[in-house]
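Biologist: Could you take me through the salt bridges in this model, one pair at a time? I would also like to hear how the nonpolar interior is put together.

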Amino acid sequence: MSQDLQSLLEPVASLISAGRLAEAANQLQVLCKSHPHIHRLKYQLGTVFYHLDQFESAFDFYLQACLGDALQADFHLALALGLTAFRLKRFDQALISFFRASVLDAENMEAVVNMGACYFESDDFERARRCFELASNRQSDPSQALLNLGVCLGRLNQHQAALEVYDRLLCRGSVEAKVHAFRGVALHRLGDSDSAILSYQNALSIDASCAPAYLNWGITCMAQEEMTQAVSHLRRALSLSGNGAEARWNLSMALLSLGQYEEGFELYNARLELMQRKLFRTDPGTTAPLLVRGAALAGKTIYVFDEQGLGDCIQFARYLPMLKNAGASVVARISGSLISLLKPSNAVDVWVGDHEPVPLHDAQIPLMSLPGFFNTTPETVPAAAGYLKPEAHRQEHWSQRLVNDKTGGHSRMRIGLMWAGNPMNPNDARRSISLVQLLSFLPEAESSIQWVALTNAMSVDDEKRLAEDGRVVNLCREINDFSDTAALISLCDRIVTVDTSVAHLAGAMGVPTDLLISRAPDWRWGLTGEKTPWYGSVKLHRQIMKGDWDTILKSVFADILSIL
């Protein structure tokens, strides 16, 4: 640093040392104006703004500093620019800066670790893994890179590999509570809940205020259906994490499972803040404010958009007429496969296609936030049955199709079957049943029943198996959308299904339905009982032992035979 520059910065350095950052920023701004060609002043001002959490200003001055010839090859400036872009969630810009920093100093792995963080926040977990792995192999102290690597492997569902990384950290003598907390997550995902809880306890013995330990202990308790204990741990995590979105989201799930809808739905909006975007999305096509509880609807145009699965859409479509009845005009963007099913309700004024612009509107709200907006409780769930109906012409088509099927159109009873959901759903392994298992409990040579497969997507193996078995009508290649499925369901006397969109559709139509649900089911089915406030025609059949579908299948089909 030149003598002239040092003398200029001495008063500023004194202010920074005294913690008077705002005054230092003011002085530096004056100096930048009077010495516009001294780019290190802009670098210093960017750093002061960064520590004041004024990241936009920090980014601007770092960027200006990069124009100086002497700073274009400065590793630390490139790193600082990347860190600032990261704080602004401009991950593409941050990656460019971190990459430049890594080129300027290939031996310094700090830029590589931060590149991994950018990829991680962008949900590109494989690239993130490579960055963390490279850094962990080349740093003298790879603790942070290894911790990040373990978390990343967890997001890639490589839980055994994640566990090995955490154990490697412990073997290196790590005493960080988070290592034990995240190790517990890996054990939980591997099905060893008891060892997971021991890891959470180890984390808390090191640091009694370790929020991730309480958060993940609460999640493990939820999986064990210990909801009261889960709520306790999650509330503790919430208090320690500064009202963190992940703690609020999981607490909402526990409270909703317990039927505590008022607080549960209030916290449910935390999902919109989560950094993991795979399950939840907001609509980038609008900047309108979110519709908040208590807002007046009369004369307003409200934009509603779907955000999760098809079953969720069907379940919460019941709230669209409530918006209309309160005097609002409704604009909706819903999955294209459901529009023909939902249109006849006349609850929506304007349907918006996936790539169409959204008309002018006063407020927006995700579909699954409507129960909270309308202050729903288990006692006030609207439209428990019959709010969706099939189209008459499709019903007639499928009626003829079933009559003509060789397995018997004059059956005394027609029963629809759905044994598996979308294999991409993270919970699919828990909720779905193999076709082989289902067929093994299907009554043999029962001529008074016509069995109908309701899926529109079936593996080649399952199609072949049904053809060889000969007891179940398989029309999957003819089902085009949910309106076809609705027509088929309407022609059935009863539905037997696992927890998929078909269960919601049958319930929304008021068709008698046997719903087979796993241990620790989705919040909407509660924890006990055969009934659900969401669908009056649905009977819940709960697993007693985790993974035991045999007992449920035997009971359901015995019940069907008893009423013939």
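Modeller: Happy to; the charged pairs come first, then the nonpolar interior, then a word on confidence. Please keep in mind that this is a predicted model. Across the whole structure, a search finds 25 salt bridges. In general, side chains of opposite charge can pair when their charged atoms come close.

Let's begin with D481 and R394, which form a salt bridge whose closest N and O atoms are 2.7 Å apart. D481 sits in the loop between β7 (472–474) and α25 (482–490), while R394 belongs to helix α21 (residues 392–404), so this pair ties together parts that are 87 residues apart in sequence. Both D481 and R394 are buried.

Next come D559 and R494, whose side chains meet in a salt bridge at 2.7 Å, N to O. Here too, distant parts of the chain are linked: D559 is in helix α27 (residues 550–562) and R494 is in strand β8 (residues 494–498), 65 residues apart. Their surroundings can be read from accessibility: R494 has a relative accessibility of 11% and therefore counts as buried, the cut-off being under 20%. D559, at 28%, counts as partly exposed.

A further salt bridge joins D124 and R127, with 2.8 Å between the closest N and O atoms. D124 is partly exposed, with a relative accessible area of 22%, and R127 is partly exposed as well, at 43%. There is also a network in which E126, R129, R130 and E133 are joined by salt bridges that share partners.

Now for the nonpolar interior. The largest nonpolar core has 158 residues, and V304, L320, L388, I489, L505, W523 and W534 are those with the most contacts inside it. Helix α15 (residues 245–257) gives the most to this core, contributing 8 residues. To look at one member up close, L320 is in contact with V304, V330, A347, V348, L367 and L370, leaving aside its neighbours within four places in sequence. Another core, of 25 residues, lies apart from the largest one and includes I415, V498, I552 and V556.

Finally, how far should you trust the picture? The protein chain has a mean pLDDT of 91, and 95% of its residues reach 70 or more. Over residues 275–280, though, pLDDT stays under 50, and for that stretch the model has 16 contacts beyond four places in sequence. Where pLDDT is low, the predicted coordinates should not be read in detail.

Key
Residues numbered from 1 in each chain as written. Predicted model: local features only at pLDDT ≥ 70, side-chain atom pairs only at ≥ 80, totals over all residues. Heavy atoms only, no water. Core = buried A, V, L, I, M, F, W, Y, C linked by side-chain atoms within 4.5 Å. Buried < 20%, exposed > 50% of the residue type's maximum accessible area, 1.4 Å probe, protein only. Helix = DSSP H or I, 4+ residues; strand = E, 2+ residues; numbered from the N terminus. Contact = heavy atoms within 4.5 Å. pLDDT = per-residue confidence, 0-100. Salt bridge = Lys/Arg side-chain N within 4 Å of Asp/Glu carboxyl O.
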